[in-house]
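Please follow this model from a single loop residue to a long-range view of one helix and then to an enclosed space.

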Amino acid sequence: MKELGWGQRRQKAVAEYRKRTQFHVSSGSVGALAIGALGVVFGDIGTSPLYAIDQIFFGSADIGRTPENVLGAISLAIWTITVVVAIKYALLVLRADNDGEGGVFALYGLLHRFKNEGRRVLLWSLMLGAGLLFGDGMITPAISVLSAVEGLEVATPAFSPYVVPITVILLTALFAVQYKGTAGIGVVFGPLLLVWFVVIATLGLFAIAQQPGILAAFDPSYGTSFLMRAGPRGSLLILSAMMLVVTGGEAMYADLGHFGARPIRISWFAVVFPSLLLNYLGQGAYLLSGASVEGGKLFYNLVPQPLLVPLVVLATLATIVASQALISAAFSLVSQAVGLGLFPRLNVRHTHQERSGQIYIPFINWALYAGCVALVLVFRSSAGLAAAYGLAVAGVMVITSAAMFVVARRFWQWNATQTALVWGALITVNGALLAASSLKFLEGGFIPLGIGVASFVVMATWRWGRKATFAAYEARSTMTMADVVELHRGGVNFIERNALVLAPTQVRHLTDRAPMLVSCYGTATASCRATSFLSRSSTRRFPTFTRTAVV
């Protein structure tokens with residue numbers, strides 16, 4: 001068969017991609033899926049207000065709380081979440097599904113057909129990105145639950161010795177119910193997160209009403225001026241804190257196979273996005289008021305004292321849900337890696353009758369649990385874990401943006417100028433966040449990076465082993481069809497009938513060779529099995545096995 005040229009291959013790939021994306025429709029009610037997506041997809045980014053802004057004014061950046069700095073910080077938070085999550089992920093990246101699946105391995109599957117066109121480095125980068133997400137999947141549950149439980153210290157310092165034990169107990173309960181699947185979990189988690197987003201939006205609105213001047217933060221010039229005043233090192237520290245604002249945004253794409261693009265977008269633009277903006281504005285309004293911030297926990301200072309303990313309980317439940325986003329993403333990533341031949345086969349359990357993307361993998365579940373508990377016991381505070389958080393996510397975002405550059409050109413057929421303007425700008429933004437997050441490497445950022453590199457080595461080794469094994473089988477000398485016929489005639493039972501011979505090239509003569517693995521069992525009179533490899537076949541009248549033949 002004549003090999004297709006580059007243009008023909010591209011047209012074929014685009015046609016296949018459009019066919020898949022055009023007819024992929026999520027099963028089930030869109031409304032129910034949107035509520036479920038709230039609990040499974042957006043828990044991580046939805047609980048970022050608990051600690052993100054704290055890192056600017058009370059963390060490593062330690063910026064003075066002047067009105068200009070407050071407006072600048074909130075302006076950066078607003079536009080970072082708008083550009084990176086709302087525009088990049090919600091509007092653009094969610095379009096790049098591979099048979100309904102998302103995540104870095106979906107991009108790997110889309111781009112693998114272009115591996116001979118100088119894309120191999122990008123494919124290897126996507127494998128590294130998947131490894132980084134595994135590392136992020138361990139840190140997210142640890143920092144989310146720990147940051148919420150620490151709210152008890154704001155209520156009363158007497159709870160301080162019990163923060164870590166309570167966190168470990170809650171993490172144990174979370175991972176113990178994963179076998180129920182995202183559909184079963186989403187039924188509970190979705191409404192709970194809906195309550196959470198309504199509450200944080202209400203807290204933000206109340207604070208904004210007291211200090212409406214914070215609305216000036218929608219002007220991006222406050223953000224740029226803030227970075228310029230901070231200087232090079234200060235700017236990097238501020239941007240590393242901004243990375244915490246958008247962590248969890250990558251779960252949108254990674255969890256695409258669980259819910260579909262439309263329910264995820266509805267949840268984001270109708271509930272999550274406005275709630276986050278209102279709460280960040282509310283935190284800025286509280287700082288503008290000049291009121292003291294007890295315990296360096298800005299979020300909890302928005303809450304009236306009588307409601308503090310109930311909100312700590314709600315926040316704790318919400319952060320347990322937040323952990324679900326990356327856990328579900330890890331299951332999807334491993335399942336896709338196994339399907340692509342990049343990871344050893346594991347026990348994959350499907351938890352939904354209609355959605356094949358909803359799965360549970362026991363080995364990955366308990367491996368993540370062990371990592372989470374170890375991180376909590378080592379760092380013992382959300383402030384300590386914040387130093388290890390963000391670097392892996394920033395790396396994944398840069399790799400995703402680079403891969404989307406190719407997807408836009410090859411599949412969406414964007415012209416070079418359009419692609420460069422959109423994805424060039426997004427790569428620049430993500431690159432700046434990655435550079436800023438690299439400051440955390442020695443403070444704990446090496447942990448998710450180390451996990452990512454270890455996962456990458458496993459995948460690369462498995463891929464190499466599979467290719468070497470296949471090459472070894474192909475290198476074996478093969479039998480001619482005459483040898484096969486003679487072997488078959490020597491069987492105990494022989495009936496002449498048509499045989500279907502699977503071979504890379506057509507088999508027309510007895511002297512032709514076919515790639516065939518022949519396994520003989522027992523003695524010379526025992527039955528034999530011939531199993532052919534791959535491909536285009538021809539049918540010819542040859543004698544063949546009875547009963548034990550596999551052709």
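In which loop is Ser48 found? Ser48 sits in the loop between α3 (43–46) and α4 (54–57), where helices are DSSP runs of H or I with at least four residues, numbered from the N terminus. The model is a predicted one, in which local features need pLDDT of at least 70 and side-chain atom pairs count only at pLDDT 80 or more, while totals for chains, interfaces and linings use all residues. Residues are numbered from 1 along each chain as its sequence is written, and side-chain values use heavy atoms, with hydrogens and water left out.

Ser48 is buried, its relative accessible area being 0% (buried means under 20%, with a 1.4 Å probe and protein chains only). A polar atom of the Ser48 side chain lies 3.2 Å from the backbone oxygen of Leu244, and Ser48 also touches Val245, Thr247 and Tyr280 among residues more than four places away in sequence (contact means heavy atoms within 4.5 Å).

Helix α19 (residues 416–437) has 22 residues and should span 32 Å at 1.5 Å a residue, and its end C-alpha atoms, 30 Å apart, agree with this; the expected span is 1.5 Å times one less than the number of residues. At its start, a side-chain oxygen of Asn415 comes within 3.2 Å of the backbone nitrogen of Thr417. Buried residues of α19 include Thr419, Trp423, Leu426, Asn430 and Leu433. An α-helix has 3.6 residues a turn, so residues three or four places apart point the same way.

Note on methods:
Helix = DSSP H or I, 4+ residues; strand = E, 2+ residues; numbered from the N terminus. Buried < 20%, exposed > 50% of the residue type's maximum accessible area, 1.4 Å probe, protein only. Polar contact = N/O pair within 3.5 Å; in protein donor to acceptor, adjacent residues only side chain to side chain.
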